[in-house]
Amino acid sequence: MSRPARLAARLSAAASLIALSSPAFALDAAPAAEETDVIVVTSAPIRVTSDELVGSVTVIDEDQLIRDLDGNIADTLERQPGVTSSYFGPASGRPIVRGLGAERVRVLINGLGGLDASTSSPDHAVAAEVLGATGVEVLRGPAAIAYGGNAIGGVVNILDGRVPTEPVDCAFDGFVYLGSTSVDDGTQLAGRLTGAIGPIVLQGDFVRREADGFEIPGYAETEEAHDDHDEDHGDHDDDHDDDHDHDEEERAFGLVEDAFYTFETASFGASLVQNWGYVGISVKDTEAEYGLPGHVHAHEHDDDHDDHDEDHDHEEEEAPVLVMDQTRIDLRGEHALGGFLNRLRWSFAHSDYGHAEIEEGEIGALFDLEGAELRIELAHDHDGVRQGAWGIQALAQDFAAIGEEAYIEPVTTQDWGLFATERWDFGEWGFEGGARIETRNLDGERAERTFDTISASGSFFFRPSEPWFLAATLSRTERAPSDVEVFAFGPHAATQTFEIGALDLGKETAWSGEATARWRGDRMRGEANLFYADYDGFIALFPTGAEEDGFDVFEYRQRDARLYGFELAGEAGLGAFAGFELTGEAGVDYVRAELDGGGDLPRIPPLSATLALIAEKGIWSARGEARLVAEQDEVAEFETPTDGYALLNADLVVSPFANRDVSLILGARNITDQEARVHTSFLKNQVPLPGRSFRIALRAGF
């Protein structure tokens, strides 16, 4: 039995003991009901509303997720200030928060990690669906106190609702969603059914998304990238017939064919729900198959081209395909307690994940991950004056890659963390503090490394008058290197580099400061966040100038760096026009990332803004939106600038029945059919964003 499997068994036993002992902790009275207009941030160990959190947070509810639905989780969230996507085509995209992604932003499912391979490479999809989720919480800035060093950049927590937490008031309820998009001939299907047998709540759901390649307004490959490609292959072209040219017809135009995908998720959950809380389990299976657009592979051309006939016409190479499967088991519970510590919340997940990267019908690489994670929180809340949470978190996983394109050796990762947070609120002012100690052990074939990290933060908040909330936070966060950063060694086709990890990497340390101001009135609300982070030993890939297997060689090294920027967001009621109530929304974000001694970090998002006008009347709700992204010319030495763009989007939601939860959704994206390239993407010069697209969807609740 592997180490993660053994630890999973121990953690599972611990979780089961907690579950079985829950009646002993029960109170006769149920927790007080929360006001319906109050949004509690479940990602925070301390239960506070989104307006009272000392850091920057956005809570997106189910209705907004369906309106903004755009394939994967990162693309759906990209309208939120400070959030962008790593964009490896529509199938694969991971959220980037304030310019940080991969190992610095934790993508969670109900507070636990995804236990997939999405952090190891940008072409590896997140094994979580936003379609059907009950909400998403985005915490910007360091959240390492609650979730460890890998949350040094932020947290994206997907609330999938697959473990029932509340009783069912009727025999059964649920929803059905059917949708279609024009740009990729895409279809989406989702459904959920929840019922009860006494105190046992049962739930099943199903999600399927599929699409073909998507339409674009011009060439897939930029002219510069195409010229570089021709230059790299110039010597091989000389061996071909003089009549053969790499002309414009060889550049894909109007369509990215390799971006097809199919994702299918099915789950079943059951919970015991009582007045003391709940305890439940869910089992989820995710299967996916998707093409890898722009996926470049190194080949030894000399011998191959000698064997070709002179009139060879460069047959199109079959696109690489990634086939993924994950089985995930979740156990969760929450219990009201007596005494000083009056709430216990715990969760456990085990995942068996694997995917194969297939080229020309043959497996180029196999990735396998088996892992488990446990989190236990004991909390207290005394009339909101003093709150706190103390907890433990543990993770273990085996990660292995096999095949010619496996760029990392097998590694076992074990993380253990203890944390505590406390908050005192005296009405007009208050303060909050927390600390976390953590140990990470990386055990590879060439070495074993252990890192001990300590993180701490302190915040002061102030309410000068009724609509205002002001807060300032100072934190010191340590992050241990990841398995890829230490043990990578080989060609990585997704990043088009030969990556070399560093066995002697040290901890990454950041001093961060953030100031937050919120204002909430009857018809207006706004928020401003200013942040600054100074990194000692920031870990990143840096070019060496060498070449290996047809790829440029990059090494993981540490440099001091600083990131700073801001986010502004607001909305205002604009009154009535022609019977419609008008509301305006605006959001702006900016991040700058510099290396000490000169230079910039790569793939940092440029200044961007979202402006929207919403009109509502009776059964109608219309939204027009402009997504504005500036040029990015503050680039690393090995990357190129990216042009800015403006995308116009629109949505219309019609809810024809006053007493039924039925909505018809009509949408349009990129109405003017603009070419747009995402600077944070490794494929920015090969794969633009989709062109003009229309969407129709029907959601019916019952």
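Rings, bridges and patches in a predicted model

In this predicted model, Phe263 is buried, and Tyr290 is buried as well.

Colleague: How are the rings of Phe263 and Tyr290 arranged, stacked or edge-to-face?

Modeller: By the rule for ring pairs, the count comes to 18 aromatic pairs. For Phe263 and Tyr290, the ring centres are 5.7 Å apart and the planes lie at 15 degrees. Planes under 30 degrees apart count as stacked, so the pair Phe263 and Tyr290 is stacked.

Colleague: How many residues apart in sequence are the parts that Phe263 and Tyr290 tie together?

Modeller: Phe263 belongs to strand 13 (residues 261–274), whereas Tyr290 belongs to strand 14 (residues 277–291). The pair therefore ties together parts whose separation in sequence is 27 residues.

Colleague: Which side chain meets Asp205 in a salt bridge, and is that partner buried or exposed?

Modeller: The side chains of Asp205 and Arg162 meet in a salt bridge, at 3.1 Å from N to O. The pair links distant parts of the chain, with Asp205 in strand 10 (residues 200–211) and Arg162 in the loop between strand 7 (154–159) and strand 8, 43 residues apart. Asp205 has a relative accessible area of 7% and is buried. With a relative accessible area of 5%, the partner asked for, Arg162, is likewise buried.

Colleague: Which strand holds Arg345, whose side chain meets that of Glu377 in a salt bridge?

Modeller: Glu377, which is buried with a relative accessible area of 3%, meets the side chain of Arg375 in a salt bridge of 2.9 Å, N to O, and that of Arg345 in a salt bridge of 3.0 Å, N to O. Arg375 counts as buried at 4% relative accessibility, and Arg345 is buried with a relative accessible area of 16%. The pair of Glu377 and Arg345 links distant parts of the chain, 32 residues apart, with Glu377 in strand 17 and Arg345 in strand 16 (residues 343–359).

Colleague: Which strand supplies the largest share of the nonpolar patch?

Modeller: The nonpolar surface patch of about 530 Å² is made by Phe172, Val176, Leu178, Leu189, Leu193 and Phe702. Leu193 lies in strand 9 and counts as partly exposed at 45% relative accessibility. Strand 8 (172–181) and strand 9 (186–197) each supply at least two residues of the patch, but the largest share, three residues, comes from strand 8.

Colleague: Why does Asp368 count as partly exposed?

Modeller: Asp368 is found in strand 17 (residues 362–382), and joins Glu287, Asp325 and Asp352 in forming a negative surface patch. Partly exposed residues fall between the cut-offs of 20% and 50%, and Asp368 counts as partly exposed because its relative accessibility is 41%.

Definitions and conventions. Residues are numbered from 1 along each chain as its sequence is written. This is a predicted model: local features need pLDDT of at least 70, side-chain atom pairs count only at pLDDT 80 or more; totals for chains, interfaces and linings use all residues. Side-chain values use heavy atoms; hydrogens and water are left out. Patches are made of residues with over 30% relative accessible area and no salt bridge: like charges are joined within 9 Å, nonpolar side chains (Val, Leu, Ile, Met, Phe, Trp, Tyr) within 5 Å. Accessible areas come from the Shrake-Rupley method with a 1.4 Å probe; for residues, only the protein chains shown count as cover. A salt bridge is a side-chain nitrogen of Lys or Arg within 4 Å of a carboxyl oxygen of Asp or Glu. Lys and Arg count as positive and Asp and Glu as negative; His and the chain ends are not counted. The place of a charge is taken as NZ of Lys, CZ of Arg, CG of Asp or CD of Glu. Helices (H or I, at least four residues) and strands (E, at least two) are DSSP runs, numbered from the N terminus. Buried means under 20% relative accessible area, exposed over 50%, partly exposed in between (1.4 Å probe, protein chains only). Rings of Phe, Tyr and Trp (its six-membered ring) pair if their centres lie within 6.5 Å; planes under 30 degrees apart count as stacked, over 60 as edge-to-face and the rest as tilted.
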